[in-house]
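Student: I am new to this structure. Please pick a single part, look at it closely, and then connect it to its surroundings.

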Amino acid sequence: NLVMKHQFGQNHALFEKCYGSRQHDHLICTECGTVAEFCDPRIGEINHTVGDILNWNIDHHRLIFYGVCPNCAAQVKTETPQEAVASKE
């Protein structure tokens, strides 16, 4: 229980130190594959609430949001229409 493997798709894995770290979740860019971490205490509250309601002892969870990172979003805004078409091909 010192390291945790996070598998993001078939070819993308991330290993993180988990001893003594608090729970956190991830964002993954669907354009470049960048993985970012975030922690929101409300998610922990949801864990407890769901566990209490359904009478489950929840040990851990995994939450991943998929979207476009700020860098990729900025590139899309600065591309010309021709560049945007070429990048999709």
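Tutor: Start with alanine 73. Its relative accessible area is 28%, so alanine 73 counts as partly exposed. The reasoning is short: buried means under 20%, exposed means over 50%, and partly exposed is what lies in between. Keep in mind that this is a predicted model.

Where does alanine 73 sit? Its place is in helix H2, which covers residues 70-78. Now look back along the chain to cysteine 29. Alanine 73 and cysteine 29 are 44 residues apart in sequence. Their C-alpha atoms are separated by 9.9 Å.

Step back to the whole chain for a moment. The protein chain has three helices and five strands. Read from the N terminus, the order is β-β-β-β-α-β-α-α. Of the 89 residues, 15% are buried.

Next comes strand E5, residues 64-67. Isoleucine 64 lies in this strand. Its relative accessibility is 21%, so isoleucine 64 is partly exposed too. Its partner in space is leucine 27. The two C-alpha atoms are 5.6 Å apart, although 37 residues separate isoleucine 64 and leucine 27 in sequence.

Now move to helix H1, residues 41-54. Proline 41 lies in this helix. It is exposed, because its relative accessible area is 60%. Its C-alpha atom is 9.1 Å from that of histidine 24. Along the chain, proline 41 and histidine 24 are 17 residues apart.

The residues on either side of proline 41 deserve a look. The structure holds one salt bridge. It joins the side chains of aspartate 40 and arginine 42, with 2.5 Å from N to O. Why can such a pair form? Side chains of opposite charge can pair when their charged atoms come close. The two partners differ in exposure. Aspartate 40 has 22% relative accessibility, so it is partly exposed. Arginine 42 reaches 56%, so it is exposed.

Further along helix H1 you meet valine 50. At 36% relative accessibility, valine 50 is partly exposed. It belongs to a nonpolar surface patch with Ile46, Ile53, Leu54, Trp56 and Ile58. Together these six residues have about 640 Å² of accessible area.

After H1 comes a loop, running on to strand E5, and asparagine 55 is found there. Its phi is near 60 degrees, a positive value in a residue other than glycine. Why point this out? Most residues other than glycine have a negative phi. Asparagine 55 is also exposed, because its relative accessible area is 70%.

Finish with the second largest pocket. Its volume is about 200 Å³. The lining includes Gly44, Asn47, His48, Gly51 and Asp52, along with Gln23. It also includes Trp56, Asn57, Ile58, Asp59, His60 and His61. By class, the lining has two nonpolar, eight polar and two charged residues. Trp56 and Ile58 appear here and also in the nonpolar patch.

Definitions and conventions: Residues numbered from 1 in each chain as written. Predicted model: local features only at pLDDT ≥ 70, side-chain atom pairs only at ≥ 80, totals over all residues. Heavy atoms only, no water. Patch = residues over 30% accessible without salt bridge, like charges linked within 9 Å, V, L, I, M, F, W, Y side chains within 5 Å. Areas by Shrake-Rupley, 256 points an atom, 1.4 Å probe, with all protein chains shown as cover. Salt bridge = Lys/Arg side-chain N within 4 Å of Asp/Glu carboxyl O. Helix = DSSP H or I, 4+ residues; strand = E, 2+ residues; numbered from the N terminus. Buried < 20%, exposed > 50% of the residue type's maximum accessible area, 1.4 Å probe, protein only. 1 Å grid on protein atoms, 1.4 Å probe; cavity = no way out; pocket = protein on both sides within 12 Å on 5 of 7 lines; lining within 4 Å. Points joined across faces, edges and corners; volume = space filled by probe spheres on them. Nonpolar A, V, L, I, M, F, W, Y, C, P; charged D, E, K, R; others polar.
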